[in-house]
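Let's learn to read a protein model by asking what lies behind the words we use for it. Take a look at the picture, then follow the questions.

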Amino acid sequence: MSTADETRPAARLTVLAGPSGAGRASVVEAVRARFPATWTPVPATTRPRRGHELHGVDRIFLDPAGFERLVAEGRLLEWSRVGPYRRGTPRRPVRARLLAGRPVLLPIDPDGALRVREVEPDARLVLLAPPGFRPDARTAATFELTLRHDLLERVVAELVGLLGSSFPAPVQPRPRG
């Protein structure tokens, strides 16, 4: 393995899941500030655009029929209904970033993380748990790591360390004979 390989972050999908209000957005923003190699997917949604949001930057805004086409064609990594609207993660940009060697950090709810695990078994699932949050046993057992979100800097440091330590395992020579 060359020095260049040792300094390049791993191309791995890490799912940061937590309940609504857990602080996923603030954690992701701080992680990306400290570890800019990390890429975060732009979600697709059927909800209306808010005044400050840009199509393709903040969200991919679709009408219900357009969203349904993505679902039917299997072009979403995961999707869910949030109130009267639907939201999901487009699969192609995630795959492209991983193939290009960029780590991907996907902030979604715990149910979405479980759906990602079904289609991407190598994805690393990290549960962001606000103080007092107790996941059910099935959910807790599915996540590789739980980060208590009691101090933003500690959570960010742990997550940056995790993202930066995921080097691909070197190929081991097979024993002969």
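Q: Which residues have the most contacts inside the largest nonpolar core?

A: In this predicted model, they are Leu 16, Val 27, Val 31, Leu 105, Leu 128 and Leu 159, in a core of 17 residues. Helix H2 (24-34), E7 and helix H7 (152-164) are the elements that give two or more residues to this core. H7 gives the most, with six residues.

Q: What makes a residue such as Leu 16 fit for a nonpolar core?

A: A core member must be buried, be of a listed type such as Leu or Val, and be joined to others through side-chain atoms within 4.5 Å. Leu 16 is a leucine and belongs to the core, and Leu 16 is also among the buried residues of E1.

Q: What is Leu 105 in contact with, leaving aside its neighbours within four places in sequence?

A: Contact requires heavy atoms within 4.5 Å. Among the residues that Leu 105 touches are Thr 14, Leu 16, Val 31, Trp 39, Pro 41 and Leu 159. Apart from the core of Leu 105 lies another one, of 16 residues, including Val 94, Val 104, Ile 108 and Ala 113.

Q: Why is strand E1 called largely enclosed?

A: Buried means under 20% relative accessible area. Five of the five residues of E1 (residues 13-17) are buried, so the rest of the structure largely encloses this strand. Both faces are covered: Leu 13, Val 15 and Ala 17 are buried on one side, and Thr 14 and Leu 16 on the other.

Q: How do you know that E1 pairs with E6 and with E7?

A: Pairing takes at least two bridges between two strands. E1 has five bridges to strand E6 (residues 104-108) and four to strand E7 (residues 124-129), so both pass the test. Each of these pairings is parallel. Leu 13 stands opposite Val 104 in E6, while Ala 17 stands opposite Leu 127 in E7.

Q: What makes E3 and E4 edge strands?

A: Strand E3 (60-61) and strand E4 (76-82) each pair on one side only. They belong to an open sheet of four strands with mixed pairing, in the order E3-E2-E5-E4.

Q: How do you know that E2 and E5 are paired?

A: The cut-off is at least two bridges, and two join strand E2 (residues 44-45) to strand E5 (residues 85-90), so the pair qualifies. These strands run antiparallel, and the bridge partner of Thr 45 in E5 is Arg 87. Helix H4 (residues 91-99) packs on the sheet, touching E4 and E5, and its direction makes about 25° with that of E5.

Notes. Residues numbered from 1 in each chain as written. Predicted model: local features only at pLDDT ≥ 70, side-chain atom pairs only at ≥ 80, totals over all residues. Heavy atoms only, no water. Buried < 20%, exposed > 50% of the residue type's maximum accessible area, 1.4 Å probe, protein only. Axes fitted to C-alpha atoms, helices over the stretch in contact; angles between N-to-C directions.
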